[in-house]
Amino acid sequence: MNSINKLPAITLSFWIMKICATTLGETAGDLLSMTLKIGYAISSMALLSFFFVTLFIQLSTKKYHPIIYWAVILATSTAGTTISDFMDRTLGLGYATGALILATLLIGTLIIWKISEKTLAVTNITSIRGELFYWAAILFSNTLGTALGDFLADNSGLGFAGGAILIGGLLLLIVLAYKFTKISHIILFWLAFVLTRPFGATFGDLLTKPLAKGGLNFGTVGSSAILFVILSVLIVISTVKIKQMKSN
């Protein structure tokens, strides 16, 4: 089965939607586990179930559907938020240890993927096994991003804004490397994919936390609603563009 058409093109709009989905995942995960007081463990199980449902639908499709694809991305981001919080807070591992474990899992997934499929390309995945590696890497990267983002915001002394600025600077370096160096675009993609998660995490904290803690005090409900509307509009625009391309 050729899965190339099941994945979106890696364009600027892709990264904007990724950051938006990542930030929504942060605020929605906190809404479920903290605001609604469901707890990290139950929230993680519920959101992982949602992830597996959306993943099954994605694997069952034969072409790229923006709504389905971004639903899976959002599921990994939301589940990643509560899983990371469960590891770091409920289990008491702490942000640094949690991030180290998740980084090890992500690197291990990429290594096994490379050995198994001979490539880490994200625009020409031609097997179900390759897709499973792809989504496992995304789930681990989004979970890692939450731990890293929380570490930068709470333990590094940078605060929410400082953490977002630091990650934003690293992302800018990746863009410059993409434009002006011969570093593998696949490596740069995965570096950017990992870093957009903590960027979204710190940006999500910036939106939701009270002014006294350096946030903008929109709350989890308000921030989630705003981000959901933005992401939905971008998905609709993407879907319309695909239909226009097919009709031409």
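These questions and answers walk through a predicted model.

User: How many salt bridges does a search of the whole structure find?
Analyst: One salt bridge joins the side chains of Glu-131 and Lys-6. Another forms between Arg-129 and Glu-117. The search of the whole structure gives a total of 2.

User: How many residues apart are Glu-131 and Lys-6?
Analyst: Their side chains meet in a salt bridge, at 3.1 Å from N to O. The pair links distant parts of the chain: Glu-131 is in helix H5, and Lys-6 is in the segment before helix H1. The separation is 125 residues.

User: Is Lys-6 buried or exposed?
Analyst: Buried means under 20% relative accessible area. Lys-6 has a value of 0%. Therefore Lys-6 is buried.

User: Which residue that is not a glycine has a positive phi of about 70 degrees?
Analyst: Most residues other than glycine have a negative phi. The residue asked for lies in the loop between helix H4 and helix H5. It is exposed, with a relative accessible area of 63%. The residue is Lys-118.

User: At roughly what angle do the axes of helix H3 and helix H8 cross?
Analyst: Pro-66, Ile-67 and Trp-70 in H3 meet Ile-235, Ser-238, Thr-239 and Ile-242 in H8. Of these contact residues, 5 are nonpolar, 2 are polar and none is charged. The axes come within 9 Å and cross at roughly 145 degrees.

User: What accessible area do the residues of the nonpolar surface patch have together?
Analyst: The patch includes Leu-158, Leu-172 and Phe-180. Leu-172 sits in helix H6. Together, the patch residues have about 750 Å².

Terms used
Residues are numbered from 1 along each chain as its sequence is written. This is a predicted model: local features need pLDDT of at least 70, side-chain atom pairs count only at pLDDT 80 or more; totals for chains, interfaces and linings use all residues. Side-chain values use heavy atoms; hydrogens and water are left out. Patches are made of residues with over 30% relative accessible area and no salt bridge: like charges are joined within 9 Å, nonpolar side chains (Val, Leu, Ile, Met, Phe, Trp, Tyr) within 5 Å. Accessible areas come from the Shrake-Rupley method with a 1.4 Å probe; for residues, only the protein chains shown count as cover. A salt bridge is a side-chain nitrogen of Lys or Arg within 4 Å of a carboxyl oxygen of Asp or Glu. Helices (H or I, at least four residues) and strands (E, at least two) are DSSP runs, numbered from the N terminus. Axes are lines fitted to C-alpha atoms, for helices over the stretch in contact, and angles run from 0 to 180 degrees between N-to-C directions. Contact means heavy atoms within 4.5 Å. Ala, Val, Leu, Ile, Met, Phe, Trp, Tyr, Cys and Pro count as nonpolar, Asp, Glu, Lys and Arg as charged, and the others, Gly among them, as polar. Buried means under 20% relative accessible area, exposed over 50%, partly exposed in between (1.4 Å probe, protein chains only).
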